[in-house]
Amino acid sequence: MKIIKEEAQYMKIGDKVSVVDENLSGTITSVKGNIVVFKDEYGFTYQYSKEKLVPKDADLYENIRVVKKAEPKKVVSKKHQKNHMVLDLHFHHMVKNPSDYDSFERLFIQKAKLMEVLDFCRKHNLKRLEIVHGIGDGTLQRMVMDVLESQSDIDFYNKEILHHQSGAVMIEFH
């Protein structure tokens, strides 16, 4: 503001000025002490004190260096930086020789793994878990749904609109 007041001292006829806090500008036609008279683009004449006017000079800002500062990064807790955890219950991902197990053993191992991962998520305060069970004949999918329905403090939904075509379930822990 000090610069503006110093500039206001040197206003002369022919200078372009703008009125502070108003959408009004024009060219100075006379200066009488502290009173400045100017004419707008339509030919109307106005009187204002020098304190209410600022120079309207495009060259005024040319020599000012603009420093671009880096935007501060939003702080996100490490817990929320991670993507959700994914549990793939496809049996060939869980054991070395899947053909060594019968269907009952497979389902028992998959259920044990599901329970283990649910406990892990609760223990480590994870918010989301995706369970990939595949489509298949629906046995594994039914087992997963039965386990999830027996759990408390979770919401779950199928990732696809048609749940029978979905090969995955998303869980949100409370």
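Asp153 sits in the loop that links α5 to β8 (154–158); helices (H or I, at least four residues) and strands (E, at least two) are DSSP runs, numbered from the N terminus. Welcome to a predicted model, in which local features need pLDDT of at least 70 and side-chain atom pairs count only at pLDDT 80 or more, while totals for chains, interfaces and linings use all residues. Residues are numbered from 1 along each chain as its sequence is written, and side-chain values use heavy atoms, with hydrogens and water left out. Helix α4 gets the fullest treatment below.

**Two loop residues with positive phi**

- Asp153 has a phi near 60 degrees, a positive value in a residue other than glycine.
- With a relative accessible area of 51%, Asp153 is exposed; the classes are buried under 20% relative accessible area, exposed over 50% and partly exposed in between (1.4 Å probe, protein chains only).
- Asp21, in the loop between β1 and β2 (25–32), is another non-glycine residue with a positive phi, near 65 degrees.
- Asp21 is exposed as well, at a relative accessible area of 79%.

**Overall layout and confidence**

- The protein has five helices and nine strands, and along the sequence they follow the pattern α-β-β-β-β-β-α-β-α-α-β-α-β-β.
- Of its 174 residues, 29% count as buried.
- Taking contacts (heavy atoms within 4.5 Å) between residues at least 6 apart in sequence, 49% join residues at least 24 apart.
- The average pLDDT, the predictor's confidence in each residue from 0 to 100, is 79 for the protein, and 83% of the residues score at least 70.
- Confidence is highest in strand β3 (residues 35–39), with a mean of 93, and lowest in helix α1 (residues 2–9), with a mean of 45.
- Please read the N terminus with that in mind: pLDDT stays under 50 over residues 1–8, and the model gives this stretch four contacts beyond four places in sequence.

**Helix α4**

- Helix α4 covers residues 103–123, and its 21 residues should span 30 Å at 1.5 Å a residue, in agreement with the 30 Å between its end C-alpha atoms; the expected span is 1.5 Å times one less than the number of residues.
- Gln110, Leu114, Val117, Leu118 and Cys121 are the buried residues of α4.
- These buried residues lie on the same side of α4, because they cover an arc of only 105 degrees around the axis, the arc being that of the directions from the helix axis to the C-beta atoms.
- Turned away from that buried side is a face carrying the exposed residues Phe104, Phe108 and Lys123.
- The cover over the buried residues of α4 includes β6 (85–88), α3 (91–94), β7 (128–132), α5 (139–149) and β9 (168–173).
- At the start of α4, the backbone nitrogen of Phe104 has a side-chain oxygen of Asp102 within 3.2 Å.
- After α4 comes Asn125, with a positive phi near 55 degrees.

**Helix α5 and the cores**

- The buried residues of α5 are Leu140, Gln141, Met143, Val144, Met145, Val147 and Leu148, and they pack against α4, β7, β8 and β9.
- A nonpolar core is a set of buried Ala, Val, Leu, Ile, Met, Phe, Trp, Tyr and Cys residues joined through side-chain atoms within 4.5 Å.
- The largest such core has 19 residues, and Leu114, Leu118, Leu129, Ile131, Val144, Leu148 and Ile171 have the most contacts inside it.
- α4, β7, α5 and β9 are the elements giving two or more residues to this core, with the largest share, six residues, coming from α5.
- Val144 touches Leu89, Leu114, Ile131 and His133, leaving out residues up to four places away in sequence.
- A second, separate core has nine residues, including Val17, Val19, Val36 and Leu53.

**Close-ups in β1 and β3**

- Ser18, in strand β1 (residues 16–19), is buried at a relative accessible area of 18%.
- Apart from neighbours within four places in sequence, Ser18 contacts Leu24, Ser25, Lys52, Leu53, Val54 and Lys56.
- Lys39 belongs to strand β3 and counts as partly exposed, at 40% relative accessibility.
- Leaving aside residues up to four places away in sequence, Lys39 touches Gly26, Thr27, Thr29, Phe44 and Thr45.
- From C-alpha to C-alpha, Lys39 and Val17 are 9.8 Å apart in space and 22 residues apart in sequence.

How values were computed: A polar contact is a pair of N or O atoms within 3.5 Å; within protein, one must be able to donate a hydrogen and the other to accept it, and residues adjacent in sequence count only if both atoms are side-chain atoms.
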